[in-house]
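Biologist: Could you walk me through this one, a bit at a time? I'll ask the questions, and you tell me how you get to each answer.

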Amino acid sequence: MILVTLGLVAFGLVMVYSATSAPAALGGGNPMGYLERQGTYALLGIALMVVGARFDYRRLRELAPGLVLIALVLCLAVLGIGAQVNGARRWIAFGPAAFQPSELAKLALAIWASAYLARRKAPRTLKQLWKPVGFLTSIFAALVIVEPDLGTVIALGIMVAAILLVSGTPGRVLASACGLAAAAGLAAIYLEPYRRARFFSFLNPWHDAQGAGFQTVQAMIGLGSGGIFGRGLGQSVEKLFYLPEAHTDMIFAIVGEELGLVGATLVVAAYALFAWTGMRIALTAKDPFGKRLAAGLTALICGQAVINLCAVMGLAPLTGIPLPFVSYGGSSLVLALASVGILLNIASNHGVEARAQVRDRGRGNGGTRAAVARDRGGAAGARRGGDLRRVAGSRRGAARP
């Protein structure tokens, strides 16, 4: 997992530079600007990954309510004070940097839901599912969709569904919940004109290739132009003001154009390996909280990758979800790396059993000591000593008149 993650981050830095340097130079900007910022975010994220790998993940249960409260406050605040970019309020500016509260909401909800379901039986009906997991998820979804950001709402649903599945929620209950969520999603698409236009353009992007389907069409042209081995690193034509958001949501199209089918396949294989490793961590974890948290974080990262890849290839509507570890974006990269740190800590502790603690009545401070098994020799000796005392006592009794 460490090698795949760091490999994707390094590859992302190369592709961000490739996708932004030429347009920035042609526009009179700094060709290294995006790379420098993304490199800073990567260093911060790797530092958090190291901290997360050394921080006992079990202590996150105590922090879960506070994280959820902070995430809710920030998701509310961004609607009022957030910077508006392309008609959406998703970021809170802090000087030259910007933070996306919905990214924190994903991690906070994953920790809280895992902690809650680890202590209780899995929901067996829709009513049990609604209180409180479904209710809190719906609150986050409502706040995020107002920004608007439908892609993050879908990612939240995938993550919570994975946690519920590992917890033992019946498939029919999950299917019913997913059906209701899909109905709500379709309603959100229909009621918002730009979402409706994106959805119908996904069905036939060539019908309006210069309008609603422009981004999808350009992405498909870029992927197709790469052929088997690509045009060569840095040789993309689509990034020169043809493909919108080439360094964020659409960076996989640049990968396909410059590195061809071979490069695109290797990227997909890297995410498949990440998914296999993450689910293996979840399945081997003995702690209920760790098992659910590992499944949720793995589903979150890989689910976002699947949504992004499908959107770029024209297999799903555009949702604005970045490609984890590869796309340009500070909040997404930093919190994704922090999530990997948590996964690594779960992996390093999956075989460690919680030591039983028994009160040591012989200690004056009333503390506890670890329960340790007595060696066989000592136990056998104690039994033999007890047997001798009983035999000696019986003989003395028989000797009395």
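Biologist: Where is the place of P148?

Modeller: In this predicted model, E147 and P148 are joined by a cis peptide bond with omega of about 5°. To place P148, I use the helices and strands, which are DSSP runs numbered from the N terminus (H or I over at least four residues for a helix, E over at least two for a strand). P148 turns up in the loop between α5 and α6 (150–167).

Biologist: What pLDDT does the protein chain average?

Modeller: Some ground rules: residues count from 1 along each chain as its sequence is written, and side-chain values use heavy atoms, with hydrogens and water left out. As the model is predicted, local features need pLDDT of at least 70 and side-chain atom pairs count only at pLDDT 80 or more, while totals for chains, interfaces and linings use all residues. pLDDT is the predictor's confidence in each residue, from 0 to 100. Here 87% of the residues score at least 70, and the chain average is 85.

Biologist: Which element has the lowest confidence?

Modeller: Over residues 351–401, pLDDT stays under 50. At the other end of the scale, confidence is highest in α10, at 96. The lowest mean, 36, belongs to strand β4 (residues 357–359), so to speak the shaky bit: β4.

Biologist: Back to prolines: what is omega for the peptide bond from K131 to P132?

Modeller: P132 has its place in helix α5 (residues 126–146). The bond leading into P132 from K131 is cis. Its omega is near -10°.

Biologist: How many residues does the largest nonpolar core have?

Modeller: A nonpolar core is a set of buried Ala, Val, Leu, Ile, Met, Phe, Trp, Tyr and Cys residues joined through side-chain atoms within 4.5 Å. In soluble globular proteins, nonpolar side chains tend to be buried together. Among the residues with the most contacts inside this core are W112 and F140. The number of residues in it is 85.

Biologist: Which residues is W112 in contact with, leaving aside its neighbours within four places in sequence?

Modeller: Contact just means heavy atoms within 4.5 Å. With those neighbours set aside, W112 is in contact with A64, V68, P132, V133 and L136.  P132 in that list is the residue in helix α5. So much for the setting; the names again are A64, V68, P132, V133 and L136.

Biologist: F325 is on the core list too. Is F325 buried or exposed?

Modeller: Phi of F325 is near 75°, a positive value in a residue other than glycine. The residue has its place in the loop between α11 and α12 (330–349). The cut-offs are under 20% relative accessible area for buried and over 50% for exposed, with partly exposed in between (1.4 Å probe, protein chains only). Because its relative accessibility is 3%, F325 counts as buried.

Biologist: How far apart are the end C-alpha atoms of α9?

Modeller: The expected span of a helix is 1.5 Å times one less than its number of residues. For the 12 residues of α9 (residues 214–225), that should give 16 Å. The model agrees, because the end C-alpha atoms are apart by 16 Å.

Biologist: Which residue's backbone oxygen lies 3.1 Å from a polar atom of the side chain of Q215?

Modeller: Q215 is in helix α9 and counts as buried because its relative accessibility is 12%. A polar contact is a pair of N or O atoms within 3.5 Å; within protein, one must be able to donate a hydrogen and the other to accept it, and residues adjacent in sequence count only if both atoms are side-chain atoms. Not counting residues up to four places away in sequence, Q215 touches several residues, including R198, L243 and E245. The backbone oxygen at 3.1 Å belongs to P244.

Biologist: Which residue stands opposite Q84 in β2?

Modeller: Two strands pair if DSSP finds at least two bridges between them. β1 (residues 83–85) and β2 (residues 88–94) manage three, in the antiparallel sense. They form a hairpin with two residues between them, and N86 in the turn has a positive phi of about 55°. Across from Q84 stands R89.

Biologist: And what separation do the C-alpha atoms of I342 and D56 have?

Modeller: I342 is in helix α12 and is buried, with a relative accessible area of 8%. I342 and D56 are 286 residues apart along the chain. Their C-alpha atoms are separated by 8.5 Å.
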